[in-house]
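These are my notebook entries on a few places I looked up, residue by residue and then helix by helix.

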Amino acid sequence: MANDAPPRWDRRMQQRLARGEAAALGELYDRFASLVHHLAHRVLEDEDAADRITREVFAYVWENPDAYDPKQGSLRSWIATLAHRQAVHRLRSRTAEDDGGGGEGGDEAAVEEAAVEERIRDASVAARADYIVTSMPAPLRAALELAYFDRRDYRQAAAALGVTEDEARRRLRLGLQLLSTAYVPPPRTMAPPGYGRAL
């Protein structure tokens, strides 16, 4: 369910990419292409555009492996951030092009802009939730996966995990508390400089 990539793997992958190992790019693509495509599709709601974003992100990673800083987080989260930023940039560019035809429909333009921002927020929450789930301790993640994917209650999760019911309940509670931090209420200020800029 989750694709764990230990920090040592991240550093080794970065070194292999920097040496120009095509096999490393293939391995990275196999591991993270579905994540990139999913995030891009969530923002753009367009299969072809998500395919293009996926190609662009991996081309960028191939050409700029030194842009990744292991001190800032995992390779997975860096790639997810690239995908999200590129998709948001594409969505905003597309919206600006669509609005470029004239000044008519001020209310319609405002509604469309609000819808775009809502999609961007939803995709941001999904990206943060993915990062939280993949970076949380394995026991918490296993309990959440049993509850969410297998629809098991804490008693069934306890039996499947071989722990007490109290421990299963504690793991589920902690996992859900971590996951709840994925939603951050939208700010009332402008986006930070560089946010949504193309790769």
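**Entry 1, Arg171 and Leu140.** I began by listing what Arg171 touches, leaving aside its neighbours within four places in sequence, and found contacts with Pro139, Leu140, Ala143, Leu161 and Val163. I note at the outset that this is a predicted model. Arg171 sits in helix 8, which runs over residues 165–180. Is this arginine buried or exposed? At 15% relative accessibility, Arg171 counts as buried, because the cut-off for that word is under 20%.

I then turned to Leu140, which belongs to helix 6 (residues 138–148). With the neighbours within four places in sequence again left aside, Leu140 is in contact with Arg171, Leu174, Gly175 and Leu178. The relative accessible area of Leu140 is 9%, and I therefore record this leucine as buried. I also looked up one C-alpha distance here: Leu140 and Gly175 are 5.4 Å apart in space, although 35 residues separate them in sequence.

**Entry 2, helix 1.** I compared the length of helix 1 with what its residue count predicts: its 12 residues should span 16 Å at 1.5 Å a residue, and the end C-alpha atoms are 17 Å apart, which agrees. The buried residues that I noted in helix 1 are Trp9, Asp10, Met13, Gln14, Arg16 and Leu17. How do they lie around the axis of helix 1? Seen down that axis, they fall within an arc of 165°, so they line one face of the helix. On the face turned away from this buried side, helix 1 carries the exposed residues Pro7 and Arg8. Just after helix 1, I noted that Gly20 takes a positive phi of about 80°.

Arg16 deserved its own note, as an arginine of helix 1 that counts as buried at 18% relative accessibility. Apart from its neighbours within four places in sequence, Arg16 is in contact with Glu21, Ala23, Ala24 and Glu27.

**Entry 3, Leu28.** I next looked up Leu28, whose place is in helix 2, and I found it buried, at 0% relative accessibility. Its contacts, again without the neighbours within four places in sequence, are Trp9, Met13, Leu17, Ala33, Phe58, Val61, Leu75 and Ile79. For one of these partners, Met13, I also took the C-alpha separation from Leu28, which is 7.9 Å for two residues 15 places apart along the chain.

**Entry 4, aromatic rings.** How many aromatic pairs does the structure hold? I find 5 of them. One is formed by Trp9 and Phe32, whose rings are 6.2 Å apart from centre to centre with 80° between the planes, and the pair is edge-to-face. Trp9 lies in helix 1 (residues 7–18) and Phe32 in helix 2 (residues 22–44), so this pair ties together parts that are 23 residues apart in sequence. Both rings belong to buried residues, Trp9 with a relative accessible area of 11% and Phe32 at 0%.

A further pair is that of Tyr60 and Trp78, with ring centres 6.4 Å apart and planes at 45°, so I record it as tilted. This pair links distant parts of the chain, since Tyr60 is in helix 3 (residues 47–63) and Trp78 in helix 4 (residues 75–99), 18 residues apart. Trp78 counts as buried at 15% relative accessibility. I also noted that ring pairs link Tyr60, Tyr68 and Trp78 into a cluster.

Returning to Trp9, I found Arg31 lying over the face of its ring, at 4.2 Å from the ring centre.

**Entry 5, helix 3.** I closed with helix 3, whose 17 residues reach 24 Å from the first C-alpha to the last, close to the 24 Å expected at 1.5 Å a residue. In this helix I listed Ala49, Ala50, Ile53, Thr54, Val57, Phe58 and Val61 as buried. They cover an arc of only 165° around the axis, which puts them on the same side of helix 3. The face turned away from that buried side carries the exposed residues Arg55 and Glu63. At the N-terminal end, Asp46 caps helix 3, with a side-chain oxygen 2.9 Å from the backbone nitrogen of Asp48.

Note on methods
Residues numbered from 1 in each chain as written. Predicted model: local features only at pLDDT ≥ 70, side-chain atom pairs only at ≥ 80, totals over all residues. Heavy atoms only, no water. Phe/Tyr/Trp six-rings, centres within 6.5 Å; stacked < 30°, edge-to-face > 60°. Helix = DSSP H or I, 4+ residues; strand = E, 2+ residues; numbered from the N terminus. Buried < 20%, exposed > 50% of the residue type's maximum accessible area, 1.4 Å probe, protein only. Lys NZ or Arg CZ within 6 Å of the ring centre and 35° of its normal. Contact = heavy atoms within 4.5 Å. Expected span 1.5 Å × (residues − 1). Arc of directions from axis to C-beta. Polar contact = N/O pair within 3.5 Å; in protein donor to acceptor, adjacent residues only side chain to side chain.
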